[in-house]
Amino acid sequence: MNKRAASVPILYDRMTPKDVDTILTIERAAYSSPWTRRMFESELWENPFSFAYVAREEEHRRIVGYVLFWVVYDELHLMNVAVEPAWRRRGIGEGLVRFALESGRRRGIRMATLEVRASNLPAQTLYRNLGFYQVGVRRNYYREPREDALLLQCDFDGGGEEE
């Protein structure tokens, strides 16, 4: 529960190709094995199941985070979420995940899944607080450093509407 979250008005916009440079900066600060420009561009242009959004702080419209997820039939898979280091601990990451889940609900998802590093206890706490629970382990899933991933799932009743 982050009391500062309400003090940071955030807008969610579809990610565009012009956002990728900023996204790459955030990605490199967040992950030891960051996605490449080509990976993001592929998600934007080539993957019909992919949805990518940026979080902009309302006052200056500066990108402070992003979320990328897939919706395949009635399942959502959270692929990537990150927040610019200077904007962390303000509820933005939680807001991005909630936004993704709500987008999925409107599309009729029945469940959401994700992988998280076994050592990333803050992210695990966030996901568990949003209703995710562990359903498996993917051994040696991550590189640099090599580490297991916990497979988490959250169930919904479905029945949403197309956007």
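These are my notebook entries on what I looked up in this predicted model.

**Entry 1. Overall layout**

I started with the secondary structure and counted four helices and seven strands in the chain. Following the sequence, I wrote the order down as β-α-α-β-β-β-α-β-α-β-β.

Next I checked the dimensions. The radius of gyration is 15 Å, and a compact globule of 163 residues would come near 15 Å, so the chain agrees with the globule rule. Along the principal axes, the C-alpha atoms fill a box of roughly 40 × 40 × 40 Å.

I then looked at burial and contacts. Of the 163 residues, 45% are buried. Among contacts with a separation of 6 or more, 60% join residues that sit 24 or more positions apart.

For the surface I noted an exposed area of about 9,200 Å², with carbon and sulfur atoms supplying 50% of it. The charge count gave 24 positive and 24 negative side chains. The centres of these two sets lie 5 Å apart.

**Entry 2. Helices H1 and H2**

Which residues of H1 are buried? I found Val 20, Ile 23, Leu 24, Ile 26 and Glu 27 on that list. They span an arc of only 165° around the axis, so they sit on the same side of H1. Thr 25 and Arg 28, on the other side of H1, are exposed. An α-helix has 3.6 residues a turn, so residues three or four places apart point the same way.

I asked what the buried residues of H1 pack against, and the list is H2, S2, S3 and S4.

H2 covers residues 37-45, and its buried residues are Phe 40, Glu 41 and Glu 43. Their arc is only 160° around the axis, which puts them on the same side of H2. I noted that Glu 41 and Glu 43 are buried here, as is Glu 27 in H1. The packing partners of the buried H2 residues are helix H1 (20-30) and strands S2 (50-57), S3 (63-72) and S4 (75-83).

**Entry 3. Helix H4**

I turned to H4, residues 121-129, where Ala 123, Gln 124 and Tyr 127 are buried. Their arc is only 100° around the axis, so these residues lie on the same side of H4. Leu 121, Pro 122 and Asn 129 are exposed on the other side of H4. The cover over the buried residues of H4 includes S4, H3, strand S5 (111-117) and S7.

**Entry 4. Val 81 in S4**

S4 had come up in the packing of H1, H2 and H4, and I picked Val 81, which is in this strand. Buried or exposed? Val 81 has a relative accessible area of 15%, so it counts as buried, the cut-off being under 20%.

Leaving out residues up to four places away in sequence, I listed what Val 81 touches: Tyr 31, Tyr 66, Val 67, Gly 93, Leu 96, Val 97 and Tyr 127. Tyr 127 is one of the buried residues of H4. I also took a distance to Ala 52, which is 29 residues from Val 81 along the chain; the C-alpha atoms are separated by 9.7 Å.

**Entry 5. Loops and backbone angles**

Most residues other than glycine have a negative phi, and most peptide bonds are trans. I looked for departures from this.

Arg 61 is not a glycine, yet its phi is positive, about 65°. I placed Arg 61 in the loop between S2 and S3. With a relative accessible area of 48%, Arg 61 is partly exposed.

Tyr 73, also not a glycine, has a positive phi of about 55°. Tyr 73 is in the loop between S3 and S4. At 72% relative accessible area, Tyr 73 is exposed.

Which peptide bond is cis? I found the one from Glu 144 to Pro 145, with omega near -5°. Pro 145 falls in the loop between strand S6 (133-142) and strand S7 (147-155).

**Entry 6. Arg 89**

Where is Arg 89? I located Arg 89 in the loop between S4 and helix H3 (92-106). Its relative accessibility of 66% makes Arg 89 exposed. From Arg 89 to Tyr 12 the C-alpha distance is 18 Å, with their positions 77 residues apart in sequence.

How values were computed. Residues are numbered from 1 along each chain as its sequence is written. This is a predicted model: local features need pLDDT of at least 70, side-chain atom pairs count only at pLDDT 80 or more; totals for chains, interfaces and linings use all residues. Side-chain values use heavy atoms; hydrogens and water are left out. Helices (H or I, at least four residues) and strands (E, at least two) are DSSP runs, numbered from the N terminus. The radius of gyration is taken over C-alpha atoms; the globule rule is 2.2 Å times the number of residues to the power 0.38. Buried means under 20% relative accessible area, exposed over 50%, partly exposed in between (1.4 Å probe, protein chains only). Contact means heavy atoms within 4.5 Å. Accessible areas come from the Shrake-Rupley method with a 1.4 Å probe; for residues, only the protein chains shown count as cover. Lys and Arg count as positive and Asp and Glu as negative; His and the chain ends are not counted. The place of a charge is taken as NZ of Lys, CZ of Arg, CG of Asp or CD of Glu. The arc is that of the directions from the helix axis to the C-beta atoms.
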